[in-house]
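Dear colleague,

Please find below the structure that I am handing over to you. My findings follow directly after it.

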Amino acid sequence: MMTSKEIRQSFLDFFASKGHKIVPSAPMVIKDDPTLMFTNAGMNQFKNIILGNDPIQYPRVADSQKCLRVSGKHNDLEEVGHDTYHHTMFEMLGNWSFGDYFKVEAIAWAWEYLTEVLKLDKDRLYATVFEGAPAEGLGRDEEAAAIWAKYIDPSRIINGNKHDNFWDKGDTGPCGPCSEIHIDLRPDSERAKVDGKTLVNSDNPQVIEIWNNVFMQFNRKADGSLEPLPKKVIDTGMGFERLCVAVQGKTSNYDTDVFQPLLAAVGSICSCSYGKDKQVDVAMRVVADHIRTISFAITDGQLPSNAKAGYVIRRILRRAVRYGYTFMNQREAFMYKLVPALIDNMGEAYPELKQQQTLIEKVIKEEEDAFLRTLETGIRLLDRVMGEAKKAGASEISGVDAFTLYDTYGFPLDLTELILKENNLTLNHAEFQTEMQKQKDRARNAAAVDTGDWVTLREGETVFVGYDQSACDTEILRYRQMKQKNKTYYQVVLSATPFYAEMGGQVGDAGWLTGADGEKVQVEDTKRENNLAVHILSKMPADPAQGFTAEIDTRRRAASEANHSATHLLQAALREVLGTHVEQKGSFVSPDCLRFDFSHFQKVTPEEIRKVERLVNAAVRANTPLNEFRNLPIAEAKAMGAMALFGEKYGDKVRVIKFGDSVELCGGTHVSATGKIGFFKIVSESSIAAGVRRIEAVTAEQAELLVEGMQDMQASIKEIFNNAPDIMASTKKMMDDNAALRKRIEVFSQQRAVVVRDNLLSRAETVGDVKLIRLTLNENPDIMKSVVPFFKDKFADVKFAMIIGTVYEEKPSLLVFLSQPMVDAGFHAGKMIREAAQLIQGGGGGQAFMATAGGKDVNGVAAAVDKLVSLIG
């Protein structure tokens with residue numbers, strides 16, 4: 001029986017023999033693409049080629065791509081673990097043709113690989129073809145059906161509808177019919193009873209799709225119409241995990257050697273066995289699946305967080321922890337212990353896992369610990385909600401309360417339902433869904449973008465000249481209108497541009513387009529979309545067909561360049577001071593500041609920060625010239641010592657930026673010599689995740705402004721101390737004097753409290769069976785609170801109430817103290833004071849025996865005291 005490693009390699013070897021270039025997997029986490037957070041299909045790394053934005057380097061390509069599907073169109077998360085074939089992270093085997101071969105070869109090679117190389121039973125295979133969509137003028141894919149008829153009985157060629165057999169990238173873009181290959185894995189006895197043909201695309205876990213051949217031949221426009229693609233594309237995808245099931249003769253993905261080592265590790269760590277308890281089995285599958293996703297995401301540079309892709313990873317991790325908590329009794333972090341088993345299983349194919357093992361383990365453990373604390377907090381809050389419901393005689397808790405637990409505290413809904421069931425309570429699902437829909441509507445409205453079709457004025461590709469020029473002559477190739485949040489703006493693609501489009505952490509350029517007719521329009525930003533430099537304009541030129549001069553804001557660009565080059569010097573300095581384990585984990589570069597995230601497992605000390613600053617500023621003063629290498633073969637770049645980032649996809653040719661000993665792969669813009677950075681100053685250093693630190697810093701003019709601000713503050717402090725020559729000594733003397741005065745005030749307060757206490761005691765009166773002290777006076781409310789313990793002890797066994805109204809520094813306040821017998825009789829100080837506080841235009845609260853309130857109206861104090869007395873009388 002072939003192992004999973006052998007199956008993966010056999011696929012790559014087969015297509016290499018058919019003239020395909022074998023390329024490495026792109027990162028699972030996508031950067032610099034606003035349309036996608038994760039690689040969710042094998043074609044993602046090739047979409048710029050498919051869209052015609054990148055040149056075709058290899059007309060035939062094959063790979064094994066790590067993918068993640070948890071959100072958007074392909075939302076499989078809630079199904080993971082409950083069936084045998086859905087996953088979050090999975091591998092997609094694929095082969096592509098860009099304007100080379102088409103349906104004949106794609107189908108022939110798919111059949112050859114499955115039946116001749118892997119020896120799958122031909123009688124268990126079925127093929128689907130697109131049945132057509134008359135409403136769109138699309139007929140049945142007769143071409144694909146005729147090709148399949150050469151290899152398979154026509155009775156096993158099945159028509160598929162548009163949902164299953166027509167592939168769309170989205171509302172617009174390349175699309176086309178597809179042909180799926182399904183396999184029937186059922187025992188012969190079941191196959192004899194029910195024809196597998198009737199179970200294709202019917203969600204039968206044993207009759208599954210293993211390979212999809214997409215024939216991209218159309219481009220869908222914004223109005224829904226289709227036009228032929230100039231170059232047809234073959235895009236195939238075969239689920240690696242499902243293929244292993246078929247080849248290894250299993251009935252579940254989790255029974256293959258892809259998952260069995262992980263399940264064994266889960267069982268060992270959590271003291272449970274797979275196959276004995278249905279709920280435990282689901283939990284074990286969830287954990288085994290999710291540890292892969294989380295580890296690969298961290299390896300690719302995406303840490304768990306509360307925003308965007310980071311939130312998705314955090315949600316996946318928390319789902320796994322919650323299953324471990326609920327069904328495997330895991331009350332402490334455990335998932336991080338699974339990383340060695342994952343590396344043993346997948347580290348050979350993906351060596352970056354081993355290289356990042358320490359970071360992966362630390363990040364996962366910290367996230368687990370944090371969420372376990374969240375679970376404890378949520379359970380306490382839920383206990384309170386359940387207690388209030390039971391007191392009110394209710395059998396159902398509010399869906400609003402459950403949504404607050406879910407949305408604000410991250411407490412899983414199904415765990416809420418489980419705890420409610422154990423307490424014989426139910427949840428108002430309608431209210432919960434209403435709140436969830438409100439949240440979705442808010443998010444949808446905030447993100448909704450109305451995109452128009454591209455208006456093409458002329459054909460061509462953008463030439464970037466911004467490394468060498470700040471202005472150039474240009475023409476508009478195409479443009480389109482965009483609407484978001486009731487704001488209209490335009491995306492413009494130029495034939496030549498000096499504008500750097502946002503990428504690699506560096507923000508995009510701003511500037512101007514000046515037409516031949518003299519009209520000048522502002523370029524507000526420059527983004528990168530599908531590898532296109534897209535210029536953002538708030539209004540279009542009156543004549544977009546004319547020639548233009550494109551000019552960047554050179555002051556803004558120079559500030560960004562200073563900050564970007566400083567990040568390179570910063571990384572070199574950090575590696576020298578802290579050690580070579582330091583690796584970049586993220587960055588942000590703007591004209592105003594820079595932010596640099598890096599791997600390090602403890603706080604950077606003030607002394608180390610000072611050393612780093614001195615090293616960077618020494619490099620600045622050295623005025624080292626930029627040594628730039630463009631279109632350098634990546635092997636040569638690495639031989640030079642250029643640092644590559646985990647989670648980044650590099651081509652065969654790269655750009656290298658060298659300042660002295662600092663050598664990095666980088667596509668951003670930089671100063672011509674380090675002296676132009678001017679001055680470097682670190683503003684802050686902090687932790688953003690386990691094993692990841694963040695430094696924020698400024699350079700050039702912003703660094704000067706920071707120092708000037710510090711000098712101004714220092715001058716102001718000196719002025720406070722009458723320009724004393726030694727500010728530190730003066731500050732220490734002031735603090736010592738302040739501490740001494742505080743002690744004297746504390747002694748005075750204690751003495752004053754005794755006087756107040758005796759005064760109050762002398763005013764005690766009896767009202768019915770209650771001993772009562774009531775008083776309105778001008779006194780510090782803190783002193784009034786300090787005497788409460790005396791009265792609590794003195795009147796512990798009798799009905800006693802103390803009601804005080806004070807005015808201090810023109811602010812009214814109320815205090816109510818009740819002895820335990822009063823509380824036992826049903827009186828509640830907190831409820832009483834909330835009612836009385838309205839008379840001083842304020843509010844308050846507290847416990848049953850003691851409560852306080854503050855307000856605005858000093859004239860209402862006497863009436864508030866009278867009100868409180870009436871409530872006990």
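Tyr254 and Phe259 are both buried in this predicted model. Aromatic pairs number 28 in total. In the pair formed by Tyr254 and Phe259, the ring centres are 4.7 Å apart and the planes meet at 45°, so this pair is tilted. Tyr254 also has a charged partner: the charged end of Arg285 sits over its ring, 5.8 Å from the centre. A similar arrangement can be seen where Arg156 lies over the face of Tyr126, at 5.8 Å from the ring centre.

A further ring pair is that of Phe800 and Phe817, with centres 6.1 Å apart and planes at 55°, so this pair is tilted. Phe800 belongs to strand β31 (residues 800–808) and Phe817 to strand β32 (residues 811–818), so the two rings tie together parts that are 17 residues apart in sequence. Phe800 is buried, since its relative accessible area is 0%, and Phe817 is buried because its relative accessibility is 1%.

Ring pairs also join Phe11, Phe14, Phe15, Tyr113 and Trp211 into a cluster. Two members of this cluster, Tyr113 and Trp211, appear again in the nonpolar interior. The largest nonpolar core has 120 residues, and Tyr113, Leu114, Trp211 and Met328 touch the most other members. Beyond its neighbours up to four places away in sequence, Trp211 touches a set of residues including Phe11, Phe15, Tyr113, Leu114, Ile181 and Met238. There is also a second, separate core of 25 residues, among them Leu569, Leu578, Val604 and Val671.

Helix α11 (residues 339–346) is mostly covered, with 6 of its 8 residues buried. These are Val339, Ala341, Leu342, Ile343, Asn345 and Met346. They pack against several elements, including α1 (4–16), β3 (89–98), α9 (278–299) and α13 (357–391).

I turn next to charged pairs. The structure contains 45 salt bridges. In one of them, the side chains of Lys5 and Glu348 meet at 3.5 Å, N to O. Lys5 lies in helix α1 and Glu348 in the loop between α11 and α12, so this bridge ties together parts that are 343 residues apart in sequence. Lys5 is partly exposed, at 35% relative accessibility, whereas Glu348 is exposed, at 65%.

Another salt bridge is formed by Arg655 and Glu628, at 2.7 Å, N to O. This pair links distant parts of the chain: Arg655 is in strand β25 (residues 653–659) and Glu628 in strand β24 (residues 627–633), 27 residues apart. Arg655 counts as buried, at 11% relative accessibility, while Glu628 is partly exposed, at 27%.

The side chains of Arg191 and Asp184 meet in a salt bridge of 3.9 Å, N to O. Asp184 is buried, at 1% relative accessibility, and Arg191 is partly exposed, at 23%. Both residues belong to a network of salt bridges that links Asp121, Arg124, Asp184, Arg186, Asp188 and Arg191.

Polar contacts deserve a separate note. Gln65 is placed in strand β2 (residues 60–68) and is buried, because its relative accessibility is 1%. What does the side chain of Gln65 make a polar contact with? Its partner is the side chain of Gln45, at 3.3 Å. A polar atom of the Gln65 side chain also lies 2.8 Å from the backbone nitrogen of Ala26. Leaving out residues up to four places away in sequence, Gln65 touches residues including Ser25, Pro27, Thr39, Gly42, Phe90 and Met92.

Asp726 stands in the loop between α20 (700–720) and α21 (727–762). A polar atom of the Asp726 side chain is 3.1 Å from the backbone nitrogen of Ala729. Asp726 is partly exposed, with a relative accessible area of 43%.

Finally, Ala559 is located in helix α17 (residues 554–578) and is partly exposed, with a relative accessible area of 23%. Apart from its neighbours within four places in sequence, Ala559 is in contact with Ser590 and Pro591. Ala559 and Asp824 are 265 residues apart in sequence, and their C-alpha atoms are 70 Å apart in space.

With kind regards

Conventions. Residues are numbered from 1 along each chain as its sequence is written. This is a predicted model: local features need pLDDT of at least 70, side-chain atom pairs count only at pLDDT 80 or more; totals for chains, interfaces and linings use all residues. Side-chain values use heavy atoms; hydrogens and water are left out. Helices (H or I, at least four residues) and strands (E, at least two) are DSSP runs, numbered from the N terminus. Buried means under 20% relative accessible area, exposed over 50%, partly exposed in between (1.4 Å probe, protein chains only). A polar contact is a pair of N or O atoms within 3.5 Å; within protein, one must be able to donate a hydrogen and the other to accept it, and residues adjacent in sequence count only if both atoms are side-chain atoms. Contact means heavy atoms within 4.5 Å. A nonpolar core is a set of buried Ala, Val, Leu, Ile, Met, Phe, Trp, Tyr and Cys residues joined through side-chain atoms within 4.5 Å. A salt bridge is a side-chain nitrogen of Lys or Arg within 4 Å of a carboxyl oxygen of Asp or Glu. Rings of Phe, Tyr and Trp (its six-membered ring) pair if their centres lie within 6.5 Å; planes under 30 degrees apart count as stacked, over 60 as edge-to-face and the rest as tilted. A charge sits over a ring if NZ of Lys or CZ of Arg is within 6 Å of the ring centre and within 35 degrees of the ring normal.
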